[in-house]
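Please open the structure in the viewer and keep the sequence panel visible. The tour below proceeds by selection, each stop stating what to pick and what is found there.

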Amino acid sequence: MKTQTLERMESNVRTYSRSFPVVFTKAQNARLTDENGREYIDFLAGAGTLNYGHNNPHLKQAMIDYLSSDGIVHGLDMWTAAKREYLETLEELIFKPRGLDYKVHLPGPTGTNAVEAAIRLARVAKGRHNIVTFTNGFHGVTMGALATTGNRKFREATGGIPTQGASFLPFDGYMGEHADTLDYFEKLLGDQSGGLDIPAGVIVETVQGEGGINVAGLDWLKRLESICREHDILLIVDDIQAGCGRTGKFFSFEHAGIKPDIVTNSKSLSGFGLPFAHVLIRPELDMWKPGQYNGTFRGFNLAMVTATAALKKYWSNDTFERDIQRKARIVEERFQKLATLLSENGMPATERGRGLMRGIDVVSGDLADKITSEAFENGLIIETSGQGGEVVKCLCPLTITDEDLLEALDILEAAVKTVINR
Ligand SMILES: *Cc1c(COP(=O)(O)O)cnc(C)c1O
């Protein structure tokens, strides 16, 4: 495979091509093909961007039809029929059945754009600067969002400019199984000398994706919501990775029965891997002045076309949801077996997750790398997450066929056994 130009010209900042150093040419649903015609099953799926698979035929058709009809592709944030249909579909299929009422802010097309907009709005709405965020949280890498992102690797890459405006608190489970970390938050809020500037908002992932598939308990999330309500703090759920069905519901917070004030979605929102993000805002918080937060690529029409098609195809009834939950049980059971196998062989490991956002924590980043490299040799693309990359993580397309799912799990099991027997 010819990789010389890629290695020579692309910045050292590249990441995934280091773990999977082949040149890909094609993809369909959960399968990627490289230049030599070799196929791989994709358990990374754009870090949760391809929940509906690569080149989903329904979404692709919607896009082709739109392009063939000379539909508007770019119009800044002018009104288009594609935007109207997206908003109508979002309201009918997502908000109404869930009893939600939000205004939709279309910021720039990436996740970090949505987070920047969300935390900025919280500050504008409450007239306070501080945002509470949690250990191991990942919310993007532009300056505002970076302040709420825990990982030092990203935080150290600002050229010495300090990240500002956020306070870190322990995420659920951070202090061990038996401590309720919200006791600390509540105590600080009530303590004149605790040192915590009363925040405008709290930003949280219900399942931390990059931070290592750390799952917030449903009671913990409910309590977080009630603490926020009691202290007039806005609850922002960053559903960029855990949303769009990944955990088995459209929004990951549905499991907890909470209603965030602000929600961010991106990654799988377009459904096709096109850049797209939105921020959902409780209507009375929509304090933006016209044009106060802008960007050239707000509301990418092509992405709204595929996003609409995805909502119509997968979210008009609960068939898809139930199928995600069924597949999740298969992955959970197999991951549990692998964790047990590793533990029995002197490598303590645990399984965790919600829906099809699952991981095996093997404690050591080295061990996780050995397993994922071995899996890649055998045709499975699977990544690690967590502060030291110690969690082997499943983010397969939700639309993966049962055959591919089982084959991928077999490849992973073989990789674990090979590593154990080395
Ligand atoms: C990926 C991610 C982001 C950042 O999105 P980008 O498109 O990479 O800027 C923010 N929050 C969460 C939870 C993410 O997973």
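Select asparagine 55 to begin; in this predicted model, the residue counts as partly exposed because its relative accessibility is 28%, which lies between the 20% limit for buried and the 50% limit for exposed. Asparagine 55 sits in the loop that links helix H3 (45–48) to helix H4 (57–68). Its backbone deserves inspection: phi is positive, about 50 degrees, although the residue is not a glycine.

Next, move to valine 363, in the loop between strand S14 (357–361) and helix H13 (365–377). Here too a residue that is not a glycine has a positive phi, in this case about 70 degrees. Is valine 363 buried or exposed? Its relative accessible area is 57%, so valine 363 is exposed.

**Two buried arginines**

From that loop, step back into strand S14 and select arginine 358. With a relative accessible area of 4%, this arginine is buried. Display the backbone oxygens of the glycines that its side chain reaches: that of glycine 355 is at 3.0 Å, and that of glycine 353 is at 3.4 Å.

Arginine 334 is the next selection, in helix H12 (residues 319–344). This arginine is buried as well, since its relative accessible area of 15% is under the 20% limit. Which side chain does arginine 334 contact? The partner is glutamate 413, and the polar contact between the two side chains has a length of 3.1 Å.

**Helix H5**

Now select glutamate 92, which belongs to helix H5 (residues 81–95). Its relative accessibility of 43% makes it partly exposed. The side chain of glutamate 92 forms a polar contact of 2.7 Å with the side chain of lysine 96. Add leucine 311 to the selection and draw a distance between the C-alpha atoms: leucine 311 and glutamate 92 are 219 residues apart along the chain, yet these atoms are separated by 9.9 Å.

**Helix H6**

Select residues 111–126, which form helix H6. How does the span of this helix compare with expectation? Its 16 residues should span 22 Å at 1.5 Å a residue, and the C-alpha atoms at its ends are 23 Å apart, so the two values agree. The expected value follows because the rise is multiplied by one less than the number of residues. Colouring the helix by accessibility will show its buried residues, among them Gly111, Thr112, Ala114, Val115 and Glu116. Further along, Ile119, Leu121, Ala122 and Ala125 are also buried. Immediately after the helix comes glycine 127, with a positive phi near 65 degrees.

**Strand S10 and its neighbours**

Continue to strand S10 (residues 234–238), where five of five residues are buried. Show the side chains to see how they divide: Leu234, Ile236 and Asp238 point one way, whereas Leu235 and Val237 point the other way.

Add strand S7 (residues 201–204), which pairs with S10 in the parallel sense over four bridges. Within this pairing, valine 202 stands opposite leucine 235 of S10. Then add strand S11 (residues 262–265), which also runs parallel to S10 and is joined to it by three bridges. Isoleucine 236 has isoleucine 262 of S11 as its bridge partner.

**The ligand site**

Finally, select the ligand and the residues around it. Which residues should appear? The set comprises Thr110, Gly111, Thr112, Phe138, His139, Gly140, Glu205, Asp238, Ile240, Gln241 and Lys267. By class, this shell has two nonpolar, six polar and three charged residues. Two of the elements already visited return here: Gly111 and Thr112 are among the buried residues of H6, and Asp238 is a buried residue of S10.

Three distances can be drawn from side chains to the ligand. Aspartate 238 places a polar side-chain atom 2.7 Å from a ligand nitrogen atom. For glutamine 241, a polar side-chain atom lies 2.8 Å from an oxygen atom of the ligand. In lysine 267, an N or O atom of the side chain is 2.7 Å from a ligand oxygen atom. How much of the ligand surface does the protein bury? Taken alone, the ligand exposes 380 Å², of which the protein buries 82%.

Note on methods:
Residues are numbered from 1 along each chain as its sequence is written. This is a predicted model: local features need pLDDT of at least 70, side-chain atom pairs count only at pLDDT 80 or more; totals for chains, interfaces and linings use all residues. Side-chain values use heavy atoms; hydrogens and water are left out. Buried means under 20% relative accessible area, exposed over 50%, partly exposed in between (1.4 Å probe, protein chains only). Two strands pair if DSSP finds at least two bridges between them. A residue is near a molecule or strand if one of its heavy atoms lies within 4 Å of it. A polar contact is a pair of N or O atoms within 3.5 Å; within protein, one must be able to donate a hydrogen and the other to accept it, and residues adjacent in sequence count only if both atoms are side-chain atoms. Accessible areas come from the Shrake-Rupley method with a 1.4 Å probe; for residues, only the protein chains shown count as cover. Ala, Val, Leu, Ile, Met, Phe, Trp, Tyr, Cys and Pro count as nonpolar, Asp, Glu, Lys and Arg as charged, and the others, Gly among them, as polar.
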